[in-house]
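Got a few minutes to poke around a fold together? Have a look below, and then we'll go through some questions and answers.

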Amino acid sequence: MLNNFYIRPADLDFVGSGLVRPECVLCCADGSVYASHSGGGVTRIAADGRQQHILGNTLDQASTGVRNSPPVTVATNGFCLRRDGSFLCANLQPPGGVWQLERNGEQRPFWLEIDGYQPPSVNFVYEDNKQGRVWITVSTRREPRSLGYRPDVDDGFIVLVDQRGARLVADGLGFTNEAKLDPGGNWLYVNETFVRRTSRFKVASDGTLGQRETVAEYGPGTFPDGLDFDQQGGLWLTSVLSNRVIRLTPDGQQQILLEENDPEQLQEIETVYQAGQLDRPHMDTIRTEVMKSVSSLAFGGPDRKTVYLGNLLDQRLYCFRSPVAGIEPPHWSVRFAD
């Protein structure tokens, strides 16, 4: 446990302005902070605060290879930064897929379908430390995806793309959200948002996943979304709706480090969730003064002790100082000048 460590919303600092649904956030050693931009790409915030929107060109059917598709603007949800400086962006709206975005705006499909199924919405994409190995999460097969906001829905899955191509490696998950390897690279951890648990899978040398193991289950108001690891073996996660940042200790204890919500509204959300009636309007109308549905986190700064928080409904990022550093992510040494 981080003894007596707790952050009040009033003590948060803020980074960026005019951001467009900055759901996912990444940090690099040069001080850059990247946030998703649902209008077609990502936004880079330099160490000196300057911002640059890196947006893909709107693509037509002929250039995308997507059958019966109108022009595509990628609504970036989760994304990753590759070693060559390009991005992979998970597209939250039809035609779904994961799209590779170059710094000059060139954009092309990276992954669109698995076994003939083309999901209309993709949640998250993560490239690990092995060259070219990419993990993709699809939250639900239901359309609209809000039909997956149920405790009894478990049709989410994980796709692995590597030198062998794309293959389904895990299925039957409850609204699959962020997924990342642990520091040793032996386990893939994943948040299952609407069954309210964190799971993990043993990763074989060829990328095959073992049986799902439950890491933690959460009580009322906690809907795990983003995750990351610290250097003491702690697993940090964010909870949408309740605006919580929680740390799981190696022995499984849960410590709330930050929280902001309206207790009455949170009880209303719990009631409709248990009734199987949670819907998009509940996600979009959070009654708070500062935070607006935190969704992801990343450790940044020179010592990786500044925690940056992405969110669903604000135009800026939140940040605070942590007593423990985060692990070095695969993209840490990528520089914008590269």
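Q: Is Glu-264 buried or exposed?
A: Keep in mind that this is a predicted model. Glu-264 sits in helix H2, which covers residues 263–274. Its relative accessible area is 57%, and the cut-off for exposed is over 50%, so Glu-264 counts as exposed.

Q: How many Å apart in space are Glu-264 and Asn-77, C-alpha to C-alpha?
A: Start with the sequence, where Glu-264 and Asn-77 are 187 residues apart. In space, going from C-alpha to C-alpha, the gap between them is 29 Å.

Q: Which strand gives the most to the largest nonpolar core?
A: That core has 31 residues, and Phe-79, Phe-87, Trp-135, Ile-158, Leu-188 and Leu-209 touch the most other members. Several strands each supply at least two of its residues, including E6 (76–81), E7 (87–91), E12 (156–162) and E15 (187–192). The top contributor, with three residues, is E13.

Q: How many residues are in the other core, the one with Leu-12 and Phe-299 among them?
A: This core lies apart from the largest one. Leu-258 and Val-324 are also among its members. Its residue count is 18.

Q: What is omega for the cis peptide bond between Pro-94 and Pro-95?
A: Most peptide bonds are trans, so a cis one is worth a look. Pro-95 has its place in the loop between E7 and E8. The bond joining Pro-94 to Pro-95 is cis, with omega at about 10°.

Q: Which residue does a cis peptide bond join to Glu-143?
A: The partner is found in the loop between strand E11 (134–138) and E12. Omega for this cis bond is about -5°. The residue joined to Glu-143 is Pro-144.

Q: Is Phe-175 buried or exposed?
A: Phe-175 is found in the loop between E13 and E14, and has a positive phi of about 60° although it is not a glycine. Its relative accessible area is 4%, and the cut-off for buried is under 20%. Therefore Phe-175 is buried.

Q: What is the relative accessible area of Arg-196?
A: Most residues other than glycine have a negative phi. Arg-196 has a positive one, about 55°, and lies in the loop between E15 and strand E16 (197–202). Arg-196 is classed as buried because its relative accessible area is 8%.

How values were computed. Residues are numbered from 1 along each chain as its sequence is written. This is a predicted model: local features need pLDDT of at least 70, side-chain atom pairs count only at pLDDT 80 or more; totals for chains, interfaces and linings use all residues. Side-chain values use heavy atoms; hydrogens and water are left out. A nonpolar core is a set of buried Ala, Val, Leu, Ile, Met, Phe, Trp, Tyr and Cys residues joined through side-chain atoms within 4.5 Å. Buried means under 20% relative accessible area, exposed over 50%, partly exposed in between (1.4 Å probe, protein chains only). Helices (H or I, at least four residues) and strands (E, at least two) are DSSP runs, numbered from the N terminus.
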